[in-house]
Amino acid sequence: PILLIMSGYVALANIILFRAIMIYIAFVLVTTFGLALKELLGVLKSKINKYISFEKASVILEIFIFILNAYTAFMAFLFAIGFRKSQILEVNRKILFDMKFYNFNLSIMNISISVLVFLSIIFIVSLINKRIDKGNLDESIKYSISVGFKYTGYIIAILIFLTMLGITFTSITIIAGALSLGIGFGLQNIVNNFVSGIIILFERPIKVGDWVVLKDGSQGNVRSISIRTTTIETFQKAHIIVPNADILSSSFINWTRNQPFNRIEMVSSVALDTDPETVKEALMAVAKSHHKVLEIPAPQVIFTEWQDNGMIFELRCYVKDTSDRAVTLSDLRYEMIRKFKEYGIKRSVPRSVIDFSARKKEDKE
């Protein structure tokens, strides 16, 4: 504008200066509004986290501010190149309320309302899922209901969103047909895992919290079951990601499917001259000494076998939680050694040692 004034184009300089100031004010207002929203979001962070993740809310706000800035920039550009007020208002009306592409209503107002409805449904689904998580149901049942309800809510929200944009069910059918064609060209595994995930969630051959042993020998606790994969956390805290189709198509061991408690067995071999009742008393004392061994079902001592070199006994008892199995077995073995010393019980000598000793004695003779 200064160069234009010096050149004698005062009217043109005034127009450019006025429009530049108006554009600057518009951007300042939009930027200030965005910063104010961010500050408000930070102040309400703790309350927002009760309903939706603060990070998600921040991303949504960033997208909203970006769209607002882009729209302001476009209006400012129209103003700068000489559009009159009536023309700008008409452009605004078209963009905000009456922008159509074929049969789709892509006006900003319609898209905004559609997005708002979509987010509202997702928000309601999240609230209901939180209520489910706080319920008194079994954890695995709550997880299945929560996941099933979440995906159902997402599907409903997407269908309503597309319908509000003007996409009819006929169009959706055409899209589904195109996807089916794509499935035929290489998406079979994804669909297979998707259907398998739904079957696992409702049939529940495994559930979150179960201790499973896979066909290849890997074992751990089930941490999550998604639509495509199941995550198993090993006892070394590594995560095994297993496709859902593999879970249904191969055999595996589930230690905790029907009940959380688990039976443990401890085999011991004693000398032939030992009183069996004494062994039974000692092993029962071992079982009753540990606080994690259940009284019901009661521990049992089974006389399993009578061999040439000793008698075989098996202590069977139950622990409440499968995760206590290894530690409890270790503790019982320590206690068994102490009790055998206390009761004067001697372990049997392996047959190979007896034969070797006999041969050695014959050689000396």
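Me: In this predicted model, does D324 count as buried or exposed, and why?

Reply: Burial is judged by relative accessible area, and a residue is called buried under 20%. In this predicted model, D324 has 18% relative accessibility, so D324 counts as buried.

Me: With which residue does D324 form a salt bridge?

Reply: A salt bridge joins a side-chain nitrogen of Lys or Arg to a carboxyl oxygen of Asp or Glu. Here D324 is paired with K292, and their closest N and O atoms are 3.3 Å apart. K292 belongs to the loop between α10 (276-289) and β9 (300-306), while D324 belongs to the loop between β10 (311-319) and α11 (325-343); the pair therefore ties together parts that are 32 residues apart in sequence. K292 counts as partly exposed because its relative accessibility is 31%.

Me: How many salt bridges does a search of the whole structure find?

Reply: The search gives eight salt bridges. One of them links the side chains of R223 and E233, at 3.0 Å from N to O. R223 lies in strand β4 (residues 219-225) and E233 in strand β5 (residues 229-233), so this pair ties together parts that are 10 residues apart in sequence. E233 is buried, with a relative accessible area of 13%, whereas R223, at 40% relative accessibility, counts as partly exposed. Another salt bridge is that of R263 with E265, whose closest N and O atoms are 2.8 Å apart. R263 is partly exposed at 30% relative accessibility, and E265 is partly exposed at 29%.

Me: Which residues are joined into one network by salt bridges that share partners?

Reply: R223, E233 and K237 are joined into one network in this way.

Me: How should one read aromatic pairs, and how many are there?

Reply: Aromatic rings are paired by the distance between their centres, and the angle between their planes gives the pair its class. The count comes to four aromatic pairs. F303 and W306 form a tilted pair, with 6.3 Å centre to centre and 35° between the planes. These two residues, together with F313, form one aromatic cluster. W306 counts as exposed, at 64% relative accessibility, while F303 counts as partly exposed, at 36%.

Me: What can be read from a helix such as α6, and which of its residues are buried?

Reply: An α-helix has 3.6 residues a turn, so residues three or four places apart point the same way. Helix α6 (residues 108-133) has 26 residues. From its first C-alpha to its last, α6 reaches 37 Å, close to the 38 Å expected at 1.5 Å a residue. The buried residues of α6 are N110, S114, I121, I122, V125, N129 and I132.

Me: Which residues does F79 touch, leaving aside those up to four places away in sequence?

Reply: Contacts can link residues that are separated in sequence, and F79 offers a case: F79 touches F18, R19, M22 and I88. F79 lies in helix α4 (residues 54-80). F79 and M22 are 57 residues apart in sequence and 9.1 Å apart in space, C-alpha to C-alpha. At 23% relative accessibility, F79 counts as partly exposed.

Me: Which residues form a nonpolar patch on the surface?

Reply: The patch consists of L17, F18, I21, M22, Y24, I25, V28 and L29, with about 770 Å² of accessible area together. Among them, I21 lies in helix α2 (residues 10-43). At 43% relative accessibility, I21 counts as partly exposed. F18 and M22, which belong to the patch, are also among the residues that F79 touches.

Key: Residues numbered from 1 in each chain as written. Predicted model: local features only at pLDDT ≥ 70, side-chain atom pairs only at ≥ 80, totals over all residues. Heavy atoms only, no water. Helix = DSSP H or I, 4+ residues; strand = E, 2+ residues; numbered from the N terminus. Buried < 20%, exposed > 50% of the residue type's maximum accessible area, 1.4 Å probe, protein only. Contact = heavy atoms within 4.5 Å. Patch = residues over 30% accessible without salt bridge, like charges linked within 9 Å, V, L, I, M, F, W, Y side chains within 5 Å. Areas by Shrake-Rupley, 256 points an atom, 1.4 Å probe, with all protein chains shown as cover. Salt bridge = Lys/Arg side-chain N within 4 Å of Asp/Glu carboxyl O. Phe/Tyr/Trp six-rings, centres within 6.5 Å; stacked < 30°, edge-to-face > 60°. Expected span 1.5 Å × (residues − 1).
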